[in-house]
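User: I am new to reading protein models. Please take me through this one, and show me how each label is earned.

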Amino acid sequence: MERCPVCRATLADSTTCRRCGSELASAIQAQTEARRLLQKAVSALATGRPAHAARLATASSQLDYTPLAVAIKNFVEHRRDTEQENSANTFTENTEGNAV
Ligand SMILES: [Zn+2]
C-alpha cells in the first residue's frame, strides 16, 4: 500500500498513517490477500481454468478493487459469451442442415 486510503498521504513502512493516524494493518493485510488471490487467478487462467480464475478475481476485487481483477472477470465473461454464440451458431447450422 503506497498511500493512505483515508487521507492519501504517502505511507512509509508503518501500519499507521503519519498524517491522519489511521491504523492500516487490516487494510494492508486485505490488499496482500487480494494480490495473492489475483496471482492465483492469473495462474488459473493460464492453466485453462477460466471459471476458477473468475471466482478468484471476484474474491480479490472484493478485498482490493484493481483493474487486473476486473479485466480477468471481463475476459472470462466475454469468452463465455463468445462460446455461447458459437454453440448457438453451431446449433443453427445443424438445424439448417437437418432441414435441407
Ligand atoms: Zn492517512
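**The core and the helices**

Analyst: Start with the largest nonpolar core, made up of 12 residues: Ala34, Leu37, Leu38, Ala41, Ala44, Ala53, Ala54, Leu56, Ala57, Ala69, Ile72 and Val76. Helix 1 (25-46), helix 2 and helix 3 each give two or more residues to this core. Helix 1 provides the largest share, five residues. Keep in mind that this is a predicted model.

User: What makes this set a nonpolar core?

Analyst: Two things count: the residues are buried nonpolar ones, and they are joined through C-beta atoms within 7 Å. The members here are Ala, Leu, Ile and Val residues. In soluble globular proteins, nonpolar side chains tend to be buried together.

User: How many helices and strands are there?

Analyst: The protein has three helices and zero strands. Along the sequence the pattern reads α-α-α.

User: How do you know what the length of helix 1 should be, and what does the model give?

Analyst: Helix 1 has 22 residues, and at 1.5 Å a residue they should span 32 Å. Its end C-alpha atoms are 32 Å apart, so the two values agree.

User: Which residues of helix 1 are buried?

Analyst: They are Ala34, Leu37, Leu38, Ala41 and Ala44. These residues cover an arc of only 120° around the axis, so they sit on the same side of helix 1. The face turned away from that buried side carries exposed Ala25, Gln29 and Ala46.

User: What is the phi of glycine 48?

Analyst: Glycine 48, just after helix 1, takes a positive phi of about 75°.

User: Why does the span of helix 2 agree with the expected value?

Analyst: Helix 2 (residues 50-63) has 14 residues, which should span 20 Å at 1.5 Å a residue. The end C-alpha atoms of helix 2 are 20 Å apart, so the span agrees.

User: Which residues of helix 2 are buried?

Analyst: Ala53, Ala54, Leu56, Ala57, Ser60 and Ser61 are buried in helix 2. Their arc around the axis is only 165°, which puts them on the same side of helix 2. On the other side, Ala51 and Gln62 are exposed.

User: Which residues does alanine 53 touch?

Analyst: Leaving out residues up to four places away in sequence, alanine 53 touches Ala41, Ala44, Leu45, Ile72 and Val76.

User: Why is valine 70 called partly exposed?

Analyst: Valine 70 has 14 other C-beta atoms within 10 Å. Buried needs 20 or more, exposed needs 12 or fewer, and partly exposed lies in between. Therefore valine 70 counts as partly exposed. Its place is in helix 3 (residues 67-99). The C-alpha atoms of valine 70 and serine 60 are separated by 9.5 Å, and the two residues are 10 apart along the chain.

User: Why does arginine 8 count as exposed?

Analyst: Arginine 8 has 12 C-beta neighbours inside 10 Å. The cut-off for exposed is 12 or fewer, so the label fits. Arginine 8 lies in the segment before helix 1.

User: What is notable about the phi of arginine 8?

Analyst: Phi of arginine 8 is near 70°, a positive value in a residue other than glycine. Most residues other than glycine have a negative phi.

User: What is the pLDDT of this protein?

Analyst: The average is 88, and 88% of the residues score at least 70. Over residues 96-100 the pLDDT is below 50. Beyond near neighbours in sequence, that stretch has zero contacts in the model.

Key: Residues numbered from 1 in each chain as written. Predicted model: local features only at pLDDT ≥ 70, side-chain atom pairs only at ≥ 80, totals over all residues. pLDDT = per-residue confidence, 0-100. Contact = placed C-beta atoms within 7 Å. Helix = DSSP H or I, 4+ residues; strand = E, 2+ residues; numbered from the N terminus. Expected span 1.5 Å × (residues − 1). Arc of directions from axis to C-beta.
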